[in-house]
Amino acid sequence: MVNYINTAPIYEVWKETVRRQDWLVHEDAPAALCRMLAAGELDIGVVSSFEYSERPENYRIMEDLSISANGPVGSVFLFSREPLEGLDGRSVLLTSQSKTSAALVRVILEEFVGVRPVYATGDTRTVAAQVTAVLAIGDDALRLAREDRFRYRYDLGEIWKRETGLPFVFAVFAVREEYCRSHAGELAEIHREFLRCRARGREEMYLICSRVAPRIPMDCEDCYAYLRAIEHDLGAEKQLALEKYFGYLIARGEASAAALPLKIHRLPAAA
Ligand SMILES: C=C(O[C@@H]1C=C(C(=O)O)C=C[C@H]1O)C(=O)O
């Protein structure tokens, strides 16, 4: 499970109500979860959607679950000392915690804006004075947004929506093909639990905010506004958005051509 507060509307309920000793949950940054899922150290991972596009033969995407935003996301920012058009040849530091947003920022800068910066990957918590722009995601981005070290701040969900008219799917709940085949029943149980937790999390959103906002730290009202903008479903428009994003990645040679069509794992009807 991603260890940012954007998973809290599902994960806080999970931690409180799921009592299965045999279901071990590992919390980490998205890039670490991607590595572990790819290595077979996890059976199911809330991972960067980019991870699926790199190794689609290994995974299926669990129906109706994601971390998405339909417009501004509030925690995926390119902080910059220059406007986007001024980033040609300049240094852009990409957080090592992300795969999806790191590829998205390249699509935005190179395909939409038409500039070619020089990228580096690293820890955005210690931002060097010489970098022109920094991509931060998740809790780190929420923290950086509370400072004013950069003149410009671009929300990647907002730019994607403006350019494509679509929401953006940052993370998917991916399951390893092997596990799908060998543990179909258990997978269905876990899938139902995720959906149950999400429904309850939505009802208890304010309470959840009061619990997780101090982690940033941020105001409870701001946390509520932030988490209301994060969507955890994978409806038809979001699938279209994933296809559009993967289309760019395939054309740029960054993703496997087999990333399309999407392989969605449907939850079997309850007995
Ligand atoms: C919206 C977010 O989505 C995240 C972005 C990810 C990425 O860029 O690879 C992966 C998982 C999500 O937690 C965020 O963390 O701010």
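A polar contact is a pair of N or O atoms within 3.5 Å. With that cut-off in hand, the surroundings of the ligand in this predicted model can be explored. Ser 101 offers a good starting point: one of its polar side-chain atoms lies 2.6 Å from an oxygen atom of the ligand, and a pair of this kind counts as a polar contact because the limit is 3.5 Å. The side chain of Ser 75 also takes part, with a polar atom 2.6 Å from a ligand oxygen. Thr 100 contributes through its backbone instead, where a polar atom is 2.9 Å from an oxygen atom of the ligand. The protein covers 100% of the 380 Å² of accessible area that the ligand has on its own.

The ligand sits in the largest cavity. Two elements, helix 4 (100-113) and strand 8 (168-176), each give two or more residues to the shell around it. In total, 17 residues surround the ligand, and those that come nearest are Ser 48, Ser 75, Ser 98, Thr 100 and Ser 101. Sorted by class, the shell holds nine nonpolar, seven polar and one charged residues. Both domain 1 (5-71 + 168-265) and domain 2 (76-164) supply at least three residues to this shell.

The backbone has some features to look for as well. Ile 216 and Pro 217 are joined by a cis peptide bond with omega about -5°, and Pro 217 belongs to the loop between helix 9 (205-212) and helix 10 (220-229). Another cis peptide bond runs from Leu 260 to Pro 261, with omega near -5°; Pro 261 is found in the loop between helix 11 (236-251) and strand 9 (264-265). Finally, Asp 64, in strand 2 (residues 59-69), has a positive phi near 65° although this residue is not glycine.

Terms used: Residues numbered from 1 in each chain as written. Predicted model: local features only at pLDDT ≥ 70, side-chain atom pairs only at ≥ 80, totals over all residues. Heavy atoms only, no water. Near = heavy atom within 4 Å. Polar contact = N/O pair within 3.5 Å; in protein donor to acceptor, adjacent residues only side chain to side chain. Areas by Shrake-Rupley, 256 points an atom, 1.4 Å probe, with all protein chains shown as cover. 1 Å grid on protein atoms, 1.4 Å probe; cavity = no way out; pocket = protein on both sides within 12 Å on 5 of 7 lines; lining within 4 Å. Sits in = over half its atoms within 2 Å of the grid points. Helix = DSSP H or I, 4+ residues; strand = E, 2+ residues; numbered from the N terminus. Nonpolar A, V, L, I, M, F, W, Y, C, P; charged D, E, K, R; others polar. Domains from an automatic or database assignment.
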